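This report describes one protein chain, with its cavity, sheets and nonpolar cores taken in turn. The sequence and the model follow.

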Amino acid sequence: MKRVFILLLISFLTVPVFAAQREECELCGMWIDQYMSTRHVVTLKDNKTKSFCSIACTAKHLEEHKGKLKDIKVADFLTKKLIDANSAYYLEGSDVPGVMSYISRIAFSARRDAEQFQKKHGGRIITFKQALENQVSK
């Protein structure tokens with residue numbers, strides 16, 4: 001009985017430690033590891049990096065911190081690898097559910113991949129700048 005109590009105590013004490021190690025979206029607090037295919041990573045001029053679950057949260061942050069942006073990366077929807085957001089091809093309005101938005105906006109590193117995905121899932125291909133503008137205006 002004593003052994004069971006000690007094991008239970010250890011498991012309860014370690015849960016907060018593991019939970020604290022999960023990276024959260026800087027704006028909404030959702031766990032980034034659950035949104036690896038839609039995440040955005042912003043580097044500010046002071047070299048601090050901030051991770052976001054979606055372009056929706058990223059757009060809100062950028063609106064509040066105009067002029068402080070140094071670099072922005074986005075996950076390629078298919079590979080989950082980070083790429084330069086300014087050279088990404090965003091697919092807007094596909095049947096993929098949006099993250100923190102009613103309208104989905106997902107990124108691809110290659111136009112060919114965006115076009116193939118578009119054939120199966122709909123939507124329109126736009127630039128990062130257009131995706132940001134559309135996110136802010138809606």
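The largest cavity has a volume of about 70 Å³. A cavity here is a set of points on a 1 Å grid over the protein atoms alone where a 1.4 Å probe fits but cannot get out; its volume is the space filled by probe spheres set on the points, which are joined across faces, edges and corners. The structure holds one cavity of 30 Å³ or more.

The model is predicted: local features need pLDDT of at least 70 and side-chain atom pairs count only at pLDDT 80 or more, while totals for chains, interfaces and linings use all residues. Residues are numbered from 1 along each chain as its sequence is written, and side-chain values use heavy atoms, with hydrogens and water left out.

Lining residues have an atom within 4 Å of a cavity point. Around the largest cavity they are Thr38, Ser54, Ile55, Val96, Pro97, Gly98, Val99, Ser101, Ile103, Ser104, Arg105 and Ile106. Six of the lining residues are nonpolar, five polar and one charged. In this count Ala, Val, Leu, Ile, Met, Phe, Trp, Tyr, Cys and Pro are nonpolar, Asp, Glu, Lys and Arg are charged, and the others, Gly among them, are polar.

**Secondary structure and sheets**

The protein chain has four helices and seven strands, arranged along the sequence as α-β-β-α-β-β-β-β-α-β-α. Helices (H or I, at least four residues) and strands (E, at least two) are DSSP runs, numbered from the N terminus. Two strands pair if DSSP finds at least two bridges between them.

One open sheet has three strands in the order β6-β5-β7, with antiparallel pairing. Because β6 and β7 stand at its edges with a single partner strand each, one side of each is left without a neighbour in the sheet. The twist from one strand to the next averages 35°, taken between axes that are lines fitted to C-alpha atoms, with angles between N-to-C directions running from 0 to 180 degrees.

The other open sheet contains four antiparallel strands, ordered β2-β1-β3-β4. Its edge strands, β2 (49-52) and β4 (82-84), each pair on one side only. Neighbouring strands in this sheet are turned by 30° against each other on average, direction ignored.

Bridge details for three antiparallel pairs are listed below.

| Strand pair | Bridges | Opposed residues |
|---|---|---|
| β5 (89-92) and β6 (105-108) | four | Glu92 and Arg105 |
| β5 and β7 (124-126) | three | Tyr90 and Ile126; Leu91 and Ile125 |
| β1 and β3 | five | Val41 and Lys73 |

**Burial and cores**

Of the 138 residues in the protein chain, 37% are buried. Buried means under 20% relative accessible area, exposed over 50% and partly exposed in between, with a 1.4 Å probe and protein chains only. In soluble globular proteins, nonpolar side chains tend to be buried together.

A nonpolar core is a set of buried Ala, Val, Leu, Ile, Met, Phe, Trp, Tyr and Cys residues joined through side-chain atoms within 4.5 Å. The largest one has 22 residues, and those with the most contacts inside it are Val74, Tyr90 and Phe128. Two or more residues of this core come from each of β1 (40-44), α2 (55-64), β3 (69-75) and α4 (128-137). The element giving the most is α2, with four residues. A second, separate core has eight residues, including Leu91, Ala114, Phe117 and Ile125.

Definitions and conventions:
On a 1 Å grid over the protein atoms alone, a cavity is a set of points where a 1.4 Å probe fits but cannot get out, and a pocket is an open set with protein on both sides within 12 Å along at least five of seven lines; lining residues have an atom within 4 Å of a point.
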